[in-house]
Every structure is written in C-alpha cells, then in structure tokens.
Amino acid sequence: MLILGIESSCDETAAAVSENGTKILSSVISTQIEEHKKYGGVVPEIASRRHCENILGVVKKSLKDAGKTLDEIDAVAVTYAPGLIGALLVGVNFAKGLAMASDKPLVPVHHISGHIAANYIAHSDLKPPYLCLVASGGHSHIVEVLDYTKFHVVGRTRDDAAGECFDKCARAMGFPYPGGVHIDKASVSGNKDAYELPRPKVTGSEFDFSFSGLKTAVINLLHNSQQKGIEINKNDLSAGIQYTISDILCEKTMAAAEMLGYKTIAVAGGVSANSGVRAAFEKACAERDMKLYLPPLNLCGDNGAMIACQGYYNYLAGQRGDESLNAVATLSLEEI
Ligand code: KG4
Ligand code: ZN
C-alpha cells in the first residue's frame, strides 16, 4: 500500500511516499531555514507563503523520485496539528484538494505521532508498547506508545520546549537560527562544569519539564558578563547547556520508564539529533538493561517520511479526514 505523506507544520515543506508504512520510496524536504535565519526565528507569515509556493513542486518531486504516479497512490496523509496555523493550512488544504480530486482517502496525522513513527522506519523490530521521549522545537513530551495509534502523555513541558531552550540560549550567545545544532558543535570542546546552571524544580507532576528557568539563567549570565566586560567561553557554556538539557530529559524519561515498567525506550523529534541527548540515553539505557531506539539523523527533524509512515498506521486504524478537515494549532496527542 502506497501512502503520500505531506508535512508543512513549521518551516519545512516536505513530502514522501511510503510503501506499507516503513519502506520509504522517496522523501523530499524544502527547508526555509536560510530565510528565517535573517529574523532569528520562524516568521509564521513568511513560512505560510513559502509553503504555498513550494508545496506542489515538493509533492511532484516526491512522486517522481518514488517512480510512482498519483494514480498509484492509495491514500494521502497530511499533518493537520499541531503547528503554525497558517503553515498547517497550506498542507491540509493541498492534501484535501489532492485527495478529493483523485478520489483517494485522506488521512490526518498528528505531528508528534509522526515524529514517533520515524523510529519505525529505521528499526523494523520496534513495536508498541514502549516509552518515547519526543523533544522538538515545539514539544517535550514523555509518551506511552500503547499502540501505533494510541498514546498516553505522562509528562510534558510547562513552558519552553527543549529545542526552544537550545535555540533561545544559542540566539543569546550569537549563534544563527536554529541554534541547537550550533550548541551541539560548540559543546564538543567545552567544559560542562565551567558555569553553574540551574536545574528546574517542577512541582506537581514529577515527569513534567520546565526549561524557561535555564534559558533565563543563560541570558542573565550573558548580560551580566557583558556589563562587567567578562568574556564568556561559548564552548564551555554550550557544553553546560547541552549537558543540563540532556540530563533532565534523560533522568525524567528513565524515572517514568522505571515507574511504569518499560524496558523499551525511544527518542524522537529534532532534539534527538543532539549528540549529548543521544549519549545520555545510550548510557542510561545500557546501565538499566533497557533497549534504546534512536532515529537516524535524517529522520530526527521534520520530514514527510514520518508522516507517510504514521499515515499508514492511521489508515489501518480507519482514521479518515473528510472535506471538513481543518488545521489545528494546538492539539493533545490524546485527543486524536
Ligand atoms: O522536530 P523539529 O525539526 O521541529 C519541530 O517539530 O519543532 O525540531 C526542531 C528543533 C529545533 O529547536 C532545533 O534547534 C532542534 O530541534 N535541533 C537540535 C539539534 N538539531 C536540531 N537541538 C540540539 N542539538 C541538535 N543537534
Ligand atoms: Zn517536528
């Protein structure tokens, strides 16, 4: 069964063709990063316009690269939530038009479930149930993946997402957008203990995250140093930020896994590309005799392949969108 997956929730216009979910025949990603870089972050209005300009070309190329025609596609899957509303609307409306005009089923996909599905593409032995940390620019969730289409969120961020914290700290340090990867690179030669950074205290749910305090501490440290004329070592500060974020993400996920009895762990989302996060999970899972699944680097960030893959499972579960399908900016994984 061939699924065309379309993704436009943020600043990547992406489309892919999957065969039976996990075999990816093509994956095309048109990124807008260079344009948003000028503004230090994603400008929603510009993102929507670029999706509008790029989407047809990206979809056509995904079909061409897969060696398939639209006629051969069995269903059209699309990210409909969560994300930037104007950006999502482009993908949803395009997919809807395509599906309705070609008389094919339309399958709505929740963006976070797409990130989770990225691991199925790379790891054929990964099967629910398991515990997954999804850490991206917009989300930090600890999710019980009960089945391919059934999720229970056991922890989430109270404020900034992990990727957002990376990016905002990076921006304050003068790195270009998106800064997570620059902190990752600078960390390699840094001393993580050179600066004292706070670890957030979250009262209530022990598996919830809070990253805004860390971000504020980094910004204050940079301002104070600047005022006093003290030079900050960016490599050391990067190493400290990366270590702190990785350690918090890993510690809470391990605590949730131990409490809920999971021995299989996955990590997904843009932040799963971070070398510190990957190393922390590798170490923690080895120590606890847990099986760890990490996506390959090309499937960590936003892409159409993960949407085509999750679209396949949603299709099998009977999930369909009709002509009234709309984009939703904020939607819990449990509401789908
Ligand atoms: O999943 P994603 O592509 O988009 C969202 O759904 O948000 O995640 C993007 C986030 C950005 O915050 C980006 O800085 C972060 O993932 N990211 C990284 C790395 N690569 C991407 N953060 C830290 N280290 C990296 N190597
Ligand atoms: Zn994403």
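**Ligand 1 and three backbone oddities**

Ligand 1 sits in the largest pocket. Keep in mind that this is a predicted model.

Let's start with the surroundings. How many residues surround ligand 1? The count is 19. The closest are H115, G137, D167, D184 and N274. Sort the shell by class, and you get eleven polar residues, five nonpolar and three charged.

Where do these residues come from? Look at the helices. α4 (111-122) supplies at least two residues of the shell. So do α5 (162-172) and α6 (180-187).

Now zoom out to the domains. Why does ligand 1 lie between domain 1 and domain 2? Because both of them give residues to its shell. Domain 1 covers 2-116 plus 299-335. Domain 2 covers 128-297.

Next, the contacts. Take D167, one of the closest residues. A polar atom of its side chain lies 2.6 Å from an oxygen atom of ligand 1. D184 is also among the closest. Here an N or O atom of the side chain is 2.9 Å from a nitrogen atom of the ligand. G270 uses its backbone: an N or O atom there lies 3.0 Å from a ligand oxygen. And how much of ligand 1 does the protein bury? Taken alone, the ligand exposes 550 Å², and the protein buries 86% of that.

Last topic: the backbone. Some background first. Most peptide bonds are trans, and most residues other than glycine have a negative phi. With that in mind, look at three places.

First place: the peptide bond from A81 to P82 is cis, with omega near -20°. P82 is in the loop between β4 (75-81) and α3 (85-101).

Second place: Y177 and P178 are joined by a cis peptide bond, with omega about -10°. Which helices flank P178? Its loop runs between α5 and α6. We met both helices earlier, as suppliers of the ligand shell.

Third place: N20. This residue is not a glycine, yet its phi is positive, about 50°. Find N20 in the loop between β2 (12-19) and β3 (23-31).

Note on methods:
Residues numbered from 1 in each chain as written. Chains lettered and ligands numbered in written order. Predicted model: local features only at pLDDT ≥ 70, side-chain atom pairs only at ≥ 80, totals over all residues. Heavy atoms only, no water. Near = heavy atom within 4 Å. Polar contact = N/O pair within 3.5 Å; in protein donor to acceptor, adjacent residues only side chain to side chain. Areas by Shrake-Rupley, 256 points an atom, 1.4 Å probe, with all protein chains shown as cover. 1 Å grid on protein atoms, 1.4 Å probe; cavity = no way out; pocket = protein on both sides within 12 Å on 5 of 7 lines; lining within 4 Å. Sits in = over half its atoms within 2 Å of the grid points. Helix = DSSP H or I, 4+ residues; strand = E, 2+ residues; numbered from the N terminus. Nonpolar A, V, L, I, M, F, W, Y, C, P; charged D, E, K, R; others polar. Domains from an automatic or database assignment.
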